[in-house]
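Visitor: I am new to this structure and would like to learn how to read it. Where should we begin?

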Amino acid sequence: MAKVRNWQIGREMEYPFAEARPERQFAAVFDLNKCIGCQTCTMACKTTWTVGKGQEYMLWNNVETKPYGGYPMGWDVRILEKLGPQSWEGAKYAGKTVFEAAPAGQNVLGHMKEDLDWAHSNAGEDEAAGTLDKGAHLTMPTHDLWFFYLPRICMHCTYPACLAACPRQAIYKRPEDGIVLVDQTRCRGYRECVTACPYGKVLFNPVLRISQKCIGCYPAVEQGMQPRCVTTCIGKIRLMGFLSKPNEVKPQVPMDFLVHVRKLALPLYPQLGLEGNIYYIPPVNAPKEFLRQMFGPGVDHAVDSYLKGKDDPELLGLLHLFGDTKEIIETFKVFPGSQEAAAYDKKGREIVRVPFKEPDYLRPFYDAERQVYRHNIS
Ligand code: SF4
Ligand code: F3S
């Protein structure tokens, strides 16, 4: 195995191939404080990409409820149990990744997902942890009774386990944008990728007898547009963009700003070692111990920064740009004086400009001109 640098675990690790980072990496940030679990993203993806034969149970995008939900069933609990102790020394991960813990003769520690695991995508939905007993009351920002929605797509990992495991080398990572694809003509259905991906994001098509997965809506991305799950999101929780190499961070690039500069958006289970590129703003009302296991040691800083976001104009401005344009935002700029944030495309053209606060329009309770009373005056 080669030695590669994984910034998310703060150290080098073993991987079957040498480090080969793309020019810039397809990435996205999902704000879990805003997700309402409406599954619009799920349906947008389903109706766009997985309406074919053999794709009946296939969701490239899913939204599960934590702590009890999971698609495929128990995907995270099962791999975490197999991985063993996962301690951190500060920002450095002291345990083993799925590559370092691989059984002899294999590249990845994984687990095979069975048909039944894919059959109930919404099991555990809206089930809360804890009970609200008589006389108990909610306290903020964290409280005993909690759940949150976790929307998931392929992480388009820097070190994909699916790619590492395929004996046919049928999976590849595009050098221009880091999107990970299954070559449908090379795949022979060995399903090592399904076993290897700890996130459960490669799915087997039993009719075509090949594996398929999220393609990052690359036909849209190539046209400078954000993916379907992002542009259709009702809660405006998502922003897709490109992440620079870790040593070439540019603060005016939205993904770099959220991930590397403000460190507000965190990787999902960084201890697995894949350096996934879908990042999450953690929910502020869930217990920190749970969040630390899920998003790593950066949780406390991220939650603090989010709660203080209203005093950070640059952050506030960028968060307002989520869900406001279908185009990919290459750079952004905030104007604290006029309380506005603007987004620019790759030619530097302004795509959209939004105010920090939507103006209020109040109409009179009694409209003399129409001689009517209004119940809703705003
Ligand atoms: Fe492959 Fe899974 Fe990573 Fe996607 S999330 S690139 S399917 S290992
Ligand atoms: Fe390889 Fe997975 Fe196909 S292991 S052959 S890409 S099913």
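Guide: We begin with how segments are named: helices and strands are DSSP runs, numbered from the N terminus. This is a predicted model. As a case, I377 lies in the segment that follows strand 19 (372-373).

Visitor: Is I377 buried, partly exposed or exposed?

Guide: Buried means under 20% relative accessible area and exposed means over 50%, with partly exposed in between. I377 has a relative accessible area of 33%, so the residue is partly exposed.

Visitor: Which residues form a nonpolar patch on the surface with I377?

Guide: The patch is made up of L362, F365, Y366, Y373 and I377. Together they have about 570 Å² of accessible area.

Visitor: Now the reverse case. Which residues of helix 10 are buried?

Guide: Helix 10 covers residues 313-320, and its buried residues are L315, G317, L318 and L319.

Visitor: What do the buried residues of helix 10 pack against?

Guide: Their partners include two helices, helix 7 (254-261) and helix 9 (299-307). The strands they pack against are strand 12 (238-243), strand 14 (278-281), strand 15 (331-335) and strand 16 (340-344).

Visitor: How do I read a salt bridge, and how many are there?

Guide: The rule asks for a side-chain nitrogen of Lys or Arg within 4 Å of a carboxyl oxygen of Asp or Glu. By this rule the count is 23 salt bridges. In one of them, the side chains of D324 and K236 meet at 2.8 Å, N to O. D324 sits in the loop between helix 10 and strand 15, and K236 in the loop between helix 6 (228-231) and strand 12, so this pair ties together parts that are 88 residues apart in sequence.

Visitor: How accessible are the two partners, D324 and K236?

Guide: D324 is partly exposed, at 24% relative accessible area. K236 is also partly exposed, at 35%.

Visitor: Which residue forms a salt bridge with E176?

Guide: The partner is R174, and the closest N and O atoms are 3.6 Å apart. E176 is partly exposed, with a relative accessible area of 44%, whereas R174 is buried, at 8%.

Visitor: And what is the partner of E350?

Guide: E350 forms a salt bridge with R353, with 3.0 Å between the closest N and O atoms. E350 is partly exposed at 36%, and R353 is partly exposed at 35%. Elsewhere, salt bridges that share partners join E64, K66, D76 and R152 into one network.

Visitor: Let us turn to the backbone. Where are there cis peptide bonds?

Guide: The peptide bond from K66 to P67 is cis, with omega near 20°. Another cis bond joins Y71 and P72, where omega is about 0°. P67 is found in the loop between strand 4 (62-66) and helix 2 (75-83), and P72 is found in the loop between strand 4 and helix 2.

Visitor: What is the phi of Q39?

Guide: Q39 has a positive phi of about 70°, although it is not a glycine. Q39 lies in the loop between strand 3 (25-31) and helix 1 (40-49), and counts as buried at 13% relative accessibility. R209 also has a positive phi, of about 60°, without being a glycine. R209 is partly exposed, at 46%.

Visitor: Last, the ligands. Which residues come closest to ligand 1?

Guide: Ligand 1 is surrounded by 14 residues, and the closest are C154, C157, A161, C162 and C197. By class, this shell has 11 nonpolar, 1 polar and 2 charged residues. Around ligand 2 there are 13 residues, of which C166, C187, R191, C193 and S211 come nearest. The shell of ligand 2 divides into 7 nonpolar, 2 polar and 4 charged residues.

Definitions and conventions
Residues numbered from 1 in each chain as written. Chains lettered and ligands numbered in written order. Predicted model: local features only at pLDDT ≥ 70, side-chain atom pairs only at ≥ 80, totals over all residues. Heavy atoms only, no water. Near = heavy atom within 4 Å. Nonpolar A, V, L, I, M, F, W, Y, C, P; charged D, E, K, R; others polar. Patch = residues over 30% accessible without salt bridge, like charges linked within 9 Å, V, L, I, M, F, W, Y side chains within 5 Å. Areas by Shrake-Rupley, 256 points an atom, 1.4 Å probe, with all protein chains shown as cover. Helix = DSSP H or I, 4+ residues; strand = E, 2+ residues; numbered from the N terminus. Buried < 20%, exposed > 50% of the residue type's maximum accessible area, 1.4 Å probe, protein only. Contact = heavy atoms within 4.5 Å.
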